[in-house]
Amino acid sequence: VKSQRRRGTRGRRAAAQHAVALSLSIAATWLGEAAAHAELPAQSGTPSDGDAETLDVEVRGALLPRATKDPTVASTVLEGDALDAPGRSAAEALARVPGVQIARTGGATDLATLGLRGATAAQTPVYLAGVPLFDELARATDLSTIPLFMLRRAEVYRGNAPIELDRLGMGGAIVFEPELPRANRLYSAVGLGSFGERSLMLGGSVGGRDSGAALALRADGFDGDFDYTDDRGTLFDASDDRTRTRRNADARTIDGWAIGRLRLGDRGQLSTVAEAFSREQGSPGIGAIPATRARARLDRRLVGASSRLACGDDPHDGRCELVVGFYGRSTDYLLRDPLLELPFGVTEQRTRGTGVGVNLSLTGRPSDLVEITGGAAQSVEALSVEPRGAAGLSARRYAARFFGAATLRPVPSLALRAAGAVGSDRTEGPGTPPSFLSPSLRGGLLYEAASFVSFYANLGRYVRVPTLGESFGASATMLGNPELSLEKGPTADIGARLDIVDTRAVAISAEVTVFGRYASDLIAYRRSSLGVQRPYNVGSARVLGLEALARAVLAELVTLDLGLTATDPRDISEGRRIEADLLPYQSRLVVTSGASLEIRPDTGPLRLDRLGLGASVLHRASRVADPAGLVVLPEQTLLEADLVFGFADAGLTVRGRASNLLDDRTTDLIGLPLPGRAAHLLVEGALR
Amino acid sequence: MSTSRMQRCTQGATIAWRGSVVVLALTSACNAPDPLPSTGGASLDEGPCGHGLFVITSDYQSTSTAIVDWSGIVHSARLIGSGSSAPGLGAALSGDVVAPTERVESGRIVLIDRFPAGVLSFVDPETAEVLHQTSLGTGFAANPQDYLELGGGVAYVSRYESNASPGAEAFDEGSDLLILDDDGRRIAGRVDLSGALEGADPELLPRPSRMLRLDESVVVLLSAYSRSFTLSGDARLALVDPMTHTVTGWAALPGARGCSALARSPSGARIAVGCSGSFGGTSTPTLDDAGVVVLRRDGADFVEEARFVAAEVLGDPPGFSLAFASERHVVVPSFGRLATSGEAARDDRLLELDLETGSVRELLRSEREPFTIGEVRCGAACGACFVTDADRGRVVRFSITPGGLASPRSLELGDGVGLPPRYLGGY
């Protein structure tokens, strides 16, 4: 363990602010990864490349990049190959992050959801380019609709999300950020894979120091015709088992992006993003009795803009910063089930959601010791559910939110942060529209005990506001309940980060976090009257756990990764008579490990200048699928391998990936088969 | 690469390998605990009401079963359940498992896994072994409701759902009776019940639920809903000849809708039908079409003897089950209601209907939560009625006296699982 370089002449505060950002760039270069192209968010105050080369600062946290919005929280960042691998879905990428539990319902284009630290998908908000992706019907985000091809990084806030986010999440939050255009480039990619996977992407960007614009379009298809064993529901009789091919699981997606960036003089930057996403797909239902004619179509439009402006006299002193953001989102989901093969009871249902929001925050740094942030956000969400032949729902939510945070650095090695937010939600809909006041609080600290080790701790209290679907009802049989109160509960974690850097032989970084989370007034549906159900605040849960991750780089060639999540998720609802208390679908241990080799050979006649290969494994311990603990889903081991050839300075890149090499046929959710072993190939070309 | 770098590389790899071994060991230790094993079967002598009862406990997500005898003694607390086999696409038993209305005369325990599984499981009560299973789906979610043995290894299964795209497999139309032979192992045919909907709206489907033997015929209760449940008709009773497997007659129950309870009196002279009313999709059920109808068989016809209209007499919609304690007394649960506050706006009640006086007596009331007084099953020859009480996690046994039910006694299953009792079957 040793420090590699002396601290620079800049103040300690500035170095600390920039340390994580710089470490990413330096580590990327050091690892020889394509991540060298990765850009840090403008809001982190990232210096230019030129700055990075001249600054003489300690390299810290480079191997395990962390989110930049709030240094005191436990976070994990995915970028580079973690997102770029061919055929890799957002769910597959996030499954390797400590604290994350993924539930897939089929192939890469089928519904997949995520929970953090034992929280449900509804308690875990997901943002894409600053736009909240969750809807107001169930508030769960379908990860299959998040395209990775234009994304630069995914920030996973485990347990405590940055206070400026619209919904903080009881287990944390996920923030996906797109690639901002900074150079003139034309690029294209063609992908092929098992089960009819194919994709074509075309894009281009222009830009330089002051501005940039990018356009990209991707079309992909997926047949989803994987084989699975249909036991016909007779698990005690294997004689009638048969191998079936998944039908009506095909999907076609078109996804277009337009991203702009404009430097606002010396004072800041404006970035804009627009996305249009359309997918038409089959809805095959459960594996034993598949739906053959049910189809769904999703159209989503996103627009967002954010600007970050220095507001003091000197735009470079970092004393004052103003951030303004705007988003708009519309989704239109149409489900057609002409044969009533799905358990919704209607032949057609259209669910439309729109949302617009603005936010503003002002950060002041009156001295090197103090940073104060205050802001407000306002949003309007509308939801309509229109089932054919049945009563529908039309409802709105008007939300206003005020937040503030203060960071105090009494000594250079210690940062104390307090943050709070108060949200006010007013709703409109049938019956008695409820209103909610939702306070959230968090206190955190970061103590850099030595140059190579730091400690952090957080204590917070978070809430989940009932969705419009829960308040007003989702269908004729799923009624709403205007008397629902907030789901709420405290969360706490404490962790340590260890960074060891040796550029010549071995580098190791590690992070360990112990957390606890309690949630009460959890909302669950119960039968309330003849043939109908209503949501009620009936549950309580407690989740204790440990998250650990480590990365080592050996001889500048080999990278080893290890991640571990051990949890003890318990249902502690009052009055429960069931003896077992493990929360369903929560593995108590998830282990990930990976090894990769990256070689940068001298260019030969083929101009091969990058050769990489890697393998990784994800193992989930068995988990119960029901509150009584009678149904135990078996252990799951997903092994994958990948290979990359880079030619002519990334002018041509060929990537191959084999997923689920062990052909693990376990499921994430009862009744829904998952694909087995698969191969994926992606050929990318770029012209600069 | 220098030697020292190679050595450090090797050391690092060794550490990583050892770490992986430790992690794998941890992984095994952190697996979910195995479900509790079966407590085995029970050998019960056959009495006037058969061998005994089996209790189905469920939270609608998973299921367990137990055996009790007619005196109320628990003989096997965990016979078979959702964890009796490792899950495949589904669980060994889903959370929607019910028991046949009639006693299973072959002495087996038959579990009807309704939706979406559509599977019959035949269990040996003495060994707790699954003898065989039969998938009833024929390509669609058939939602089987009841199983009735006819003798000679032949049985009927009522299938509630219809197949909107039939023709892919044999006997895949649905909303019918499936004919099983070979002791329930093989699908041999179907009984088309559409003839019993003569004169009804053509959009209505038979939607058969419970079945009973009545003399030489089989009585099938038809719920008469449209495919999407947006339209309902008066319930009907279909008479099926088990020799020819054809509908030989039917009777409409005017003003009775949402019927799902059916029972035969000890002498077989009467049957009772319980109807929960029209589904309104609201928080307050309509009671206009709800009640209990008592009928007497008169040749090929049914004659209505008595009607307990829910709106006038019961106050709440009847549940999905009822039973004759004697020729005079019918026992029926009624559904309560849950307020938006989470408190019970109306409790579930277990009611005793006196067919001679028309009076109604309350026997039991739910404690905290409605929709918890479940299935009731009586053995007049054994002098006892049983009812499941999910609210208190128990089964209640009543003694049958000339004046009605008396001496309620609680049975705690003590199965170590704690799922609430919902359904009762006889074998």
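Two strands are said to pair if DSSP finds at least two bridges between them. I begin with that definition because pairing recurs throughout this predicted model, in which two strands count as partners by that bridge criterion.

Let me apply it first to chain B. Strand E18 of chain B, residues 259-264, and strand E19 of chain B, residues 270-276, pair in the antiparallel sense, with five bridges between them. Within this pair, B:Arg264 stands opposite B:Ile271 of E19(B). The two strands form a hairpin, and five residues lie between them. In that turn, B:Gly268 has a positive phi of about 85 degrees.

I now turn to chain A as a whole. Chain A contains five helices and 33 strands. Its radius of gyration is 25 Å, close to the 26 Å that the globule rule gives for 688 residues, so chain A is as compact as a globular protein of that length. The C-alpha trace of chain A spans about 75 × 60 × 45 Å along its principal axes. Of the 688 residues in chain A, 56% are buried. Among contacts in chain A with a separation of 6 or more, 64% are between residues 24 or more positions apart. The area that chain A exposes is about 26100 Å², and carbon and sulfur atoms supply 59% of it.

Next, a sheet in chain A. In what order do the five strands of the open sheet stand? The order is E1-E6-E7-E4-E5, and the pairing is mixed. Strand E1 (75-79) and strand E5 (131-132) of chain A stand at the edges with a single partner strand each, so one side of each is left without a neighbour in the sheet. Further in, strand E4 of chain A, residues 126-128, runs parallel to strand E7 of chain A, residues 172-178, and three bridges join them. One residue pair can be named here: A:Leu128 has A:Phe176 in E7(A) as its bridge partner. As a general point, the side chains in a regular strand alternate between the two faces of the sheet.

I continue with the surface of chain A. Which residues make the nonpolar surface patch of about 480 Å²? They are A:Leu369, A:Leu408, A:Leu416, A:Leu445, A:Tyr447 and A:Phe455. A:Phe455 belongs to strand E22 of chain A, residues 453-464. Its relative accessible area is 38%, which means that A:Phe455 is partly exposed, since that class lies between under 20% for buried and over 50% for exposed.

A second phenylalanine, A:Phe645, is found in strand E31 of chain A, residues 636-647. A:Phe645 is likewise partly exposed, with a relative accessible area of 29%. Setting aside residues up to four places away in sequence, A:Phe645 touches A:Leu608, A:Arg610, A:Leu611, A:Leu652, A:Thr653 and A:Val654. The C-alpha atoms of A:Phe645 and A:Leu613 are separated by 8.9 Å, and the two residues are 32 residues apart along the chain.

Finally, a loop residue. Where does A:Arg665 lie? A:Arg665 is in the loop between strand E32 (652-659) and strand E33 (678-687) of chain A. With a relative accessible area of 41%, A:Arg665 is partly exposed. Apart from neighbours within four places in sequence, A:Arg665 is in contact with A:Asp227, A:Tyr228, A:Leu674 and A:Gly676. A:Leu360, by contrast, is 48 Å from A:Arg665 in space, C-alpha to C-alpha, and 305 residues apart from it in sequence.

Note on methods:
Residues are numbered from 1 along each chain as its sequence is written. Chains are lettered from A and ligands numbered from 1 in the order in which they are written. This is a predicted model: local features need pLDDT of at least 70, side-chain atom pairs count only at pLDDT 80 or more; totals for chains, interfaces and linings use all residues. Side-chain values use heavy atoms; hydrogens and water are left out. Helices (H or I, at least four residues) and strands (E, at least two) are DSSP runs, numbered from the N terminus. Patches are made of residues with over 30% relative accessible area and no salt bridge: like charges are joined within 9 Å, nonpolar side chains (Val, Leu, Ile, Met, Phe, Trp, Tyr) within 5 Å. Accessible areas come from the Shrake-Rupley method with a 1.4 Å probe; for residues, only the protein chains shown count as cover. A salt bridge is a side-chain nitrogen of Lys or Arg within 4 Å of a carboxyl oxygen of Asp or Glu. Buried means under 20% relative accessible area, exposed over 50%, partly exposed in between (1.4 Å probe, protein chains only). Contact means heavy atoms within 4.5 Å. The radius of gyration is taken over C-alpha atoms; the globule rule is 2.2 Å times the number of residues to the power 0.38.
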